[in-house]
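The following exercises train the reading of a protein structure. Please attempt each task before turning to its solution.

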Amino acid sequence: HMDAREIRIELLKKGLNYTRISNILNVSTTSVAGVARRIRTSHRIAIAISTALGSSTEAVFPDVPEYHRPYMNDAKKREASQKLDSQLKDLKLTGTY
């Protein structure tokens with residue numbers, strides 16, 4: 001599993017950080033960091049972190065079983081993933097965070 005430090009480093013390698021993810025999800029940076037540190041739980045944030053890392057929630061958070069259950073049906077998951085990917089690309093292009 002990836003700990004919070006590893007998650008942060010891998011996000012930085014991709015030009016991302018907790019603030020960018022929090023802006024996309026309209027949540028606090030503290031919430032994103034809390035999920036990465038495993039002191040808070042949010043399936044939605046865990047999916048966003050994993051997607052930003054190009055990985056699955058099972059790979060990034062194998063120690064949090066509730067993230068391994070479906071959060072939404074496949075069609076909604078694809079739609080949300082595409083929207084997040086698009087927003088992440090837009091942020092990289094504009095440098096906005």
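Four exercises on this predicted model follow, each with a worked solution.

**Exercise 1. The overall plan**

Determine how many helices and strands the chain has, and what share of its residues count as buried.

*Solution.*
Step 1. Going through the secondary structure gives six helices and zero strands.
Step 2. Read in sequence order, these elements give the pattern α-α-α-α-α-α.
Step 3. The chain has 97 residues, and 36% of them count as buried.
Step 4. Consider next the contacts in the chain with a separation of 6 or more: residues 24 or more positions apart account for 54% of them.

**Exercise 2. Two helices that cross**

Describe how helix H2 and helix H3 cross, and identify the residues that make the contact.

*Solution.*
Step 1. Two packed helices are described by the angle between their axes and the distance between the axes.
Step 2. H2 covers residues 18-25 and H3 covers residues 29-36; their axes come within 8 Å and cross at roughly 115°.
Step 3. The crossing of H2 and H3 is right-handed.
Step 4. On the H2 side, the contact is made by Tyr 18, Thr 19, Ile 21 and Ser 22, and on the H3 side by Thr 29, Val 32, Ala 33 and Ala 36.
Step 5. Sorted by class, the contact of H2 with H3 has five nonpolar and three polar residues, with no charged residues.

**Exercise 3. Salt bridges**

Find the two salt bridges in the structure, and decide for each partner whether it is buried, partly exposed or exposed.

*Solution.*
Step 1. One salt bridge joins Lys 13 and Glu 10, with 3.0 Å between the closest N and O atoms.
Step 2. Both residues belong to helix H1 (residues 4-13), where they lie three residues apart, about one turn of the helix.
Step 3. A residue is exposed over 50% relative accessible area and buried under 20%. Lys 13 has 63%, so it is exposed, whereas Glu 10, at 28%, counts as partly exposed.
Step 4. The other salt bridge is formed by the side chains of Arg 38 and Asp 63, at 2.9 Å from N to O.
Step 5. This pair links distant parts of the chain, 25 residues apart: Arg 38 lies in the loop between H3 and H4, and Asp 63 in the loop between helix H5 (57-60) and helix H6 (74-94).
Step 6. Arg 38 has a relative accessible area of 23% and is therefore partly exposed. Asp 63 is partly exposed as well, with 38%.

**Exercise 4. The enclosed helix and the nonpolar core**

Explain why helix H4 is described as largely enclosed by the rest of the structure, and state what H4 supplies to the largest nonpolar core.

*Solution.*
Step 1. H4 spans residues 43-52; the buried residues in this helix are His 43, Ile 45, Ala 46, Ile 47, Ala 48, Ile 49, Ser 50 and Ala 52.
Step 2. Eight of the ten residues of H4 are thus buried, which means that the helix is largely enclosed by the rest of the structure.
Step 3. The largest nonpolar core has 26 residues, and those with the most contacts inside it are Ile 7, Leu 11, Tyr 18, Ile 21, Ile 49 and Phe 61.
Step 4. At least two residues of this core come from each of H1, H2, H3, H4 and H6. H4 supplies the largest share, five residues.
Step 5. Take Ile 7 as an example: leaving out residues up to four places away in sequence, Ile 7 touches Met 2, Tyr 18, Ala 36, Arg 38, Ile 49, Leu 53, Val 60 and Phe 61.
Step 6. After H4 comes Gly 54, whose phi is positive, near 70°.

Notes. Residues are numbered from 1 along each chain as its sequence is written. This is a predicted model: local features need pLDDT of at least 70, side-chain atom pairs count only at pLDDT 80 or more; totals for chains, interfaces and linings use all residues. Side-chain values use heavy atoms; hydrogens and water are left out. Axes are lines fitted to C-alpha atoms, for helices over the stretch in contact, and angles run from 0 to 180 degrees between N-to-C directions. Helices (H or I, at least four residues) and strands (E, at least two) are DSSP runs, numbered from the N terminus. A crossing is left-handed if the near helix is turned anticlockwise from the far one by less than a right angle, and right-handed if clockwise. Contact means heavy atoms within 4.5 Å. Ala, Val, Leu, Ile, Met, Phe, Trp, Tyr, Cys and Pro count as nonpolar, Asp, Glu, Lys and Arg as charged, and the others, Gly among them, as polar. Buried means under 20% relative accessible area, exposed over 50%, partly exposed in between (1.4 Å probe, protein chains only). A salt bridge is a side-chain nitrogen of Lys or Arg within 4 Å of a carboxyl oxygen of Asp or Glu. A nonpolar core is a set of buried Ala, Val, Leu, Ile, Met, Phe, Trp, Tyr and Cys residues joined through side-chain atoms within 4.5 Å.
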